[in-house]
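Here are a few notes to help you find your way around. Have the viewer open and follow the points in order.

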Amino acid sequence: METSAISATGLPIVDRIKQIALNMQDYDRLLDVVTHPHNDLQIGNERISPWNVASLSHGIPGICMLYAELHAHFPEEGWDQKGHHYLSILVQHIAREGMHSPSLFSGAAGIGLATVCLSQNGQLYGKFIQRIHDYLLIHVPVMLDNARTGGVRSGDYDVIEGLSGIAAYLLWFRQDEQIRPLLEQVVDYLIELAQPIRWGHQSIPGWHIPAAHQFSESESQQYPDGNFNLGLSHGIPGPLLVLCKAWQQGVRRANQLEAIRDMGAFVIRFASTDQQGHLFWKGCIGMDEFQQGRAHEQTEFRRDAWCYGSPGVCVALWHAGEVLARTEWKQLALDTFQHTLEEIHHIYSPTFCHGFAGIAQIASQFQQWSGSPSMQTHIDRIKHTMMEHDNPQYVFGFCNLEHFEHRGMTAVQYTGLLDGTTGTALTLLHLELGQRTPWQQAFLL
C-alpha cells in the first residue's frame, strides 16, 4: 500500500494514530471531552449528549476496537492492556445497568464485536462473549416477533439498530451450533421483506415503511403514503448486503436468491441520474415515484457516503452481482462508484458514517475486488483530505463536522466508531498497514 509521509502534526500517520490512542487511555479525561455540552445534540428544546458508554456508535466499544487493532499490529507495545482496561469499565457498566438492546450500534451485538476484536483470535473473553450470546438468544427472537407485526420500521431490519446489523455480528459465529439457528431465523426474516404486500389495490415490496413509522413528524408529512429507504444504513441495501454475505459464507435459505434479485433490481430501477448522466442514489423513494416506476429528476439533497448514497449502495450491488453472476450489476457498481469519487457530494468530515473514512474504506474494498488501477489515486487523495482534518488543538485529533440547526456547521469531539475518532483512526490504520481484526464487520465491508 502507498504510505503518505506525515500528518499535520509532523508525525507519520501511524505514529499520529498511536499518539491519539494514548490520549484516550485516561477515562476521566476522555469523559470530560466527550460529555462537554458543546457536543450535545439539540432535538427541539432538548439537549442530549450522544455519549453512550455501551454503544458502538458513541461509546467504549469503538475505543476497544482501536486498541485491539493497534495490538494486532504492534503486539509488544501494551495496547491489549489498554483495551482490557476499557473492556473492564464496560463490563462493570453492564453489571450495573444491564444491556438494553440486541442492536449492533447501540447494544449487545456491537459490544460482542468489539470483544471479538480484543479476543486475540478467540483466545480471550470467551465467558463474556457467551454472556452476550445468551442475551441475543433470548432477545433477538422477541425482536423478530415484534418486527413481523404492525408494519415495517427501518429499525426492524436496518444495519444501525435492526436485524441486518445483528446479522453482521452473527455471521462471524455462523459455525457456532447455538448461533447458527438464530442467524438463519434472521436471514429468513430479511428474505420475507422481499415478499409483496397489499397497499390499497396494488402490490408493493414488503420493505415499504408506512408514514406512521418515519423517523420524524416532518418526514411523515413529506411521505404521507410512506416510502422505500435507499440508504445502506437504514434502507433496503442493508438487508440486500446481508443476504449476499450470508449466501457467500454458506448460509443459504429458501427464496434467498430471489430476494437478492428483487432487492437489487429495485435499487437499480430507482437510481437517479445527475447532469452528467451518471447514476446516484438519494435517500428515499416516495410512493408517487414507485407508482411512476422511476425516481423523480429533481433531488433536494444528495450525499455520497457509506450510510446514504452511491458508495454504500454500490457495495451492496457489487455483492449482489457476485452472488447472481450478474456481471453488468458489478460493472454498474464499479462505474458508479468511480464517477462518485470524481465529485463527492456533501461530505465534510473525516469520520466514517457520512464522512471521508467510509468512502476511503469502500474504495479500498473496490480496489481489492476489481483491481482498478485508478482506485489507489483516489484512495491517496481521500487519505490526504482526512489528514488535513487532523488538528492538534483537539485531544483526539479528528473532529466530526455536523450541521446543527441553530449553530450551522460545528466541530464536535466524538470517539465512537460511527462518527468519531476511532472510525477515522481505524480506517487510516487500514490504509497504511492493512487490517488485522474484524472491525469492518460493523459496516458489512
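1. Before the pockets, a word on naming: helices and strands are DSSP runs, numbered from the N terminus, where a helix is H or I with at least four residues and a strand is E with at least two. With that in hand, you can find α3, which gives the most to the lining of the second largest pocket, with four residues. Please keep in mind that this is a predicted model.

2. Let's stay with that pocket. The volume of the second largest pocket is about 310 Å³. Its lining counts 22 residues, and those closest to the centre are V116, C117, S119, Q120 and N121. Which elements give two or more residues to this lining? They are α3 (60-73), α5 (108-118) and α6 (126-147).

3. You may also like to colour the second largest pocket by residue class. Twelve of its lining residues are nonpolar, eight are polar and two are charged.

4. Next, the enclosed spaces. How many cavities of 30 Å³ or more does the structure hold? There are two, and the second largest cavity has a volume of about 30 Å³. To find the second largest cavity, select V34, P50, W51, H58, Y414, T415 and G416, which line it. By class, this lining has four nonpolar and three polar residues, with no charged ones.

5. C117 deserves another look, since we met this residue among those closest to the centre of the second largest pocket. Is C117 buried or exposed? C117 has a relative accessible area of 5%, and because buried means under 20%, this residue counts as buried.

6. Now for the cysteines as partners. A disulfide is a covalent bond between the sulfur atoms of two cysteines. The structure holds zero disulfides. Why is C117 not bonded to C64? The closest cysteine sulfur to that of C117 is in C64, but the distance is 9.4 Å, so the two are too far apart for a bond. C399 is in no disulfide either: the nearest cysteine sulfur, that of C353, is 17 Å away. C399 is buried, with a relative accessible area of 7%.

7. Last, a charged residue to click on. E432 sits in helix α18 (residues 421-433). With a relative accessible area of 8%, E432 is buried. What joins the side chain of E432 to that of K383? The link is a polar contact of 2.7 Å, so do display both side chains when you visit α18.

Key. Residues numbered from 1 in each chain as written. Predicted model: local features only at pLDDT ≥ 70, side-chain atom pairs only at ≥ 80, totals over all residues. Heavy atoms only, no water. 1 Å grid on protein atoms, 1.4 Å probe; cavity = no way out; pocket = protein on both sides within 12 Å on 5 of 7 lines; lining within 4 Å. Points joined across faces, edges and corners; volume = space filled by probe spheres on them. Nonpolar A, V, L, I, M, F, W, Y, C, P; charged D, E, K, R; others polar. Buried < 20%, exposed > 50% of the residue type's maximum accessible area, 1.4 Å probe, protein only. Polar contact = N/O pair within 3.5 Å; in protein donor to acceptor, adjacent residues only side chain to side chain. Disulfide = S-S within 2.5 Å.
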